[in-house]
Amino acid sequence: MRIIIALLVFAGSVAASAAQIPNPKRILQKKSGEVIDSVLAPKPEPKEDEEQEEGNSERPAKTDTGKSDADLQTYSKYDFMPGEKVVFFEDFSQEAIGDFPAAWNTNGSAEVVTTNLYPGKWLKFSMSDALWTDALLDLPENYTIEFDVVPIYAEDGEMPGYQFRLIQSINERSFDYGAVPGKAGLLFACEGGRNGYRTYINSEEGDELGLGGYKDGDQYTQQVNKLYHVAIWIQKSRVRVYLDQHKLFDLPKAFPLPGVKMDRLRFETGAAMFSNLRVAIGAPDIRNKLLTEGKLVSYGIYFDVNKDAVKPTSYASLKEIAGIMKDNPDLRIRIVGHTDSDGTDAANLDLSKRRAVSVKTELVKSFGIDERRLEAEGAGESQPIAPNDNASNKALNRRVEFIRL
C-alpha cells in the first residue's frame, strides 16, 4: 500500500508556524480513506546537500549495524528500570518465516522475516493500517514496555517512520477505528525520523487533558535501517519514553483521571520491523532482594541473541547493583547466567558462563567494583523457572542472578 505521509498535508496548513510545538488537540489527516492521528509539526525541509531521489522506489539497504557496539558509558544518564515480572513477550521465534504471528491481528498485512543486519526474527509491515495484540493485557498501575524497532523504506521509496500506540480498548473484539481509538491512549510516533507523542482520554471529562509534543535534534532522529530500542515506563499517571540512551519525554500527569487502564498494543501507519517486545510489571526491589533475601533475579541485563557482550541498556540495573555494593563494602556476590532451552546443552552452558563473566567485567571496569568481591558462573538451561514452551516463558528463563555470598 502506498504511504501518504500525514506531515505533508499538515505542512500546508501551518506553513507560517513550522517551528511551533503542536497543539495538544489532535490533528486529523485523511489517509487511504481513514482518519489518522498526527503528533508532529511539519518536518523541516531537507538541506541542499541532502540526497534527493524522487521516483526511486528501491534504495540499497544500509550496512550500519546499529547500537549494539555502543559503549556502556554513553548510557550514564539512562535511568530506565524494566519491570520484574514478564507478562507478555514476543520475539516471533516460534513463527515461520513469511507467516503472520498467532498472538496478533491486523486489518492490513505484515509478515515474519529475518534480516542480514540484525539477528532473530522480526515482524515487518508497510501499510496505512494497523496490527495489534489479539488478547487484552491485564496491566496494573506500574509496568514497562520495551521493543526493538528498525524503520524501513515504504513501497514508494520513502521512509515514513511508524506509530506505536498503547490503548484502553472499548472491548476485546474491537479494532477501535479512528484517529484516537479506544477509551484512552498513548501514541509514540516516529514520523519521517522525528519523534513525537500524544496522549488522550475519550470522555467529556478528559476532553481537555490531552498532551502532545515532539523532540527535535539530530541525536534523536531515527534513520532508515538502523536498530533502536524503545522503552516506556508507566507509573500510575506518569509516563516516560526512552529511545536508546535518551529520555525523550517525561510526563508526570499524562493520565490524571482514575479508570484509565491500558490493555492493548498497536503498531500502525508506516513501515518498520519490530521484535523483542517485552511487557513487565512490578518495580524491582533490588536492594531488598539482594541484602535481605540474598538473591536477585534480574531481567535488566541485556544481551544480543547468542552474544555475551552486555548491552548499554543494562546501565541502570548495573549502576543500582554497583551502588549497593559500594554502600556495603563487605558484600560479595556470585553472578550466575541462565539461558532458555534453545540450542544444545553445551552451547547454552558456555554462553551463560561468558555472559556472567561479561557482567562481572562491566561491574569492575565501568563501576569500579573490586573483582575479588565478585564470582561468575553459568548454569545454562539447567535451572528453568518456567517451562520452555513459549516466548514469554523462555524470556523468564533468560536471566542473570545475583547471589549474596
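Between which two strands does the loop that holds Glu205 lie? Keep that question for a moment and start with the whole chain. The model is predicted.

**The whole protein**

Show everything as a cartoon. The protein has 405 residues, and 53% of them are buried. Colour by secondary structure, and five helices and 19 strands appear. Now think about which parts of the chain touch. Of the contacts between residues at least 6 apart in sequence, 73% join residues at least 24 apart. Switch to a surface view. The exposed area is about 18500 Å², with 48% of it supplied by carbon and sulfur atoms.

**Glu205 and Gly192**

Select Glu205. The loop around Glu205 runs between β10 (194-201) and β11 (211-215). Is Glu205 buried or exposed? Its relative accessibility is 61%, so Glu205 counts as exposed. Add Leu257 to the selection. Leu257 is 52 residues from Glu205 along the chain, yet their C-alpha atoms are separated by 8.5 Å.

Next select Gly192, in the loop between β9 (184-191) and β10. Gly192 counts as buried because its relative accessibility is 12%, and the cut-off for buried is under 20%. Its C-alpha is 4.9 Å from that of Gly161, although 31 residues separate Gly192 and Gly161 in sequence.

**Trp104 and Phe92**

Go to strand β4, where Trp104 is found. Trp104 has a relative accessible area of 3%, so it is buried. Which residues does Trp104 touch, leaving out those up to four places away in sequence? Among them are Phe88, Glu90, Phe92, Leu131, Trp132, Thr133 and Asp134. The list also includes Leu265, Phe267, Phe274 and Leu277. For Thr133, the C-alpha distance to Trp104 is 4.6 Å, with their positions 29 residues apart in sequence.

From Trp104, step across to Phe92, one of the residues it touches. Phe92 sits in the loop between β3 and β4 (104-106). At 0% relative accessibility, Phe92 counts as buried. Look at its backbone too. Most residues other than glycine have a negative phi. Phe92 is not a glycine, but its phi is positive, about 60°.

**Asn306**

Select Asn306, in the loop between β16 and α3. Asn306 also has a positive phi of about 60° and is not a glycine. Is Asn306 buried or exposed? Asn306 is exposed, since its relative accessible area is 59%.

**Helix α3**

Follow the chain into α3, residues 315-327. This helix has 13 residues and reaches 18 Å from its first C-alpha to its last, close to the 18 Å expected. Colour its buried residues: Tyr315, Ala316, Ser317, Leu318, Ile321, Ala322, Ile324 and Met325. An α-helix has 3.6 residues a turn, so residues three or four places apart point the same way. What do the buried residues of α3 pack against? Show α2 (286-293), β16 (295-298), β17, α4, β18 (374-380) and β19 to see the answer.

**Helix α4**

Move on to α4, which has 23 residues. Its end C-alpha atoms are 32 Å apart, which agrees with the 33 Å it should span at 1.5 Å a residue. Mark Asn348, Leu351, Ser352, Arg355, Ala356, Ser358, Val359, Glu362, Leu363, Ser366 and Phe367, the buried residues of this helix. The elements that cover them include α3, β17, β18 and β19. After α4 comes Gly368, with a positive phi near 75°.

**The second largest pocket**

Keep α4 in view and turn to the second largest pocket, which holds about 1000 Å³ of space. It is lined by 40 residues, and the closest to its centre are Asn276, Phe303, Asp304, Val305 and Arg398. Select those five residues to place the centre on screen. Which helix or strand gives the largest share of the lining? That is α4, with four residues. At least two lining residues each also come from β3 (85-90), β7 (142-151), β15 (264-281), β17 (333-338) and β19 (399-404). Finally, colour the lining by class: 15 residues are nonpolar, 13 are polar and twelve are charged.

Methods. Residues are numbered from 1 along each chain as its sequence is written. This is a predicted model: local features need pLDDT of at least 70, side-chain atom pairs count only at pLDDT 80 or more; totals for chains, interfaces and linings use all residues. Side-chain values use heavy atoms; hydrogens and water are left out. On a 1 Å grid over the protein atoms alone, a cavity is a set of points where a 1.4 Å probe fits but cannot get out, and a pocket is an open set with protein on both sides within 12 Å along at least five of seven lines; lining residues have an atom within 4 Å of a point. Grid points are joined across faces, edges and corners, and a volume is the space filled by probe spheres set on the points. Ala, Val, Leu, Ile, Met, Phe, Trp, Tyr, Cys and Pro count as nonpolar, Asp, Glu, Lys and Arg as charged, and the others, Gly among them, as polar. Buried means under 20% relative accessible area, exposed over 50%, partly exposed in between (1.4 Å probe, protein chains only). Contact means heavy atoms within 4.5 Å. Accessible areas come from the Shrake-Rupley method with a 1.4 Å probe; for residues, only the protein chains shown count as cover. The expected span of a helix is 1.5 Å times one less than its number of residues.
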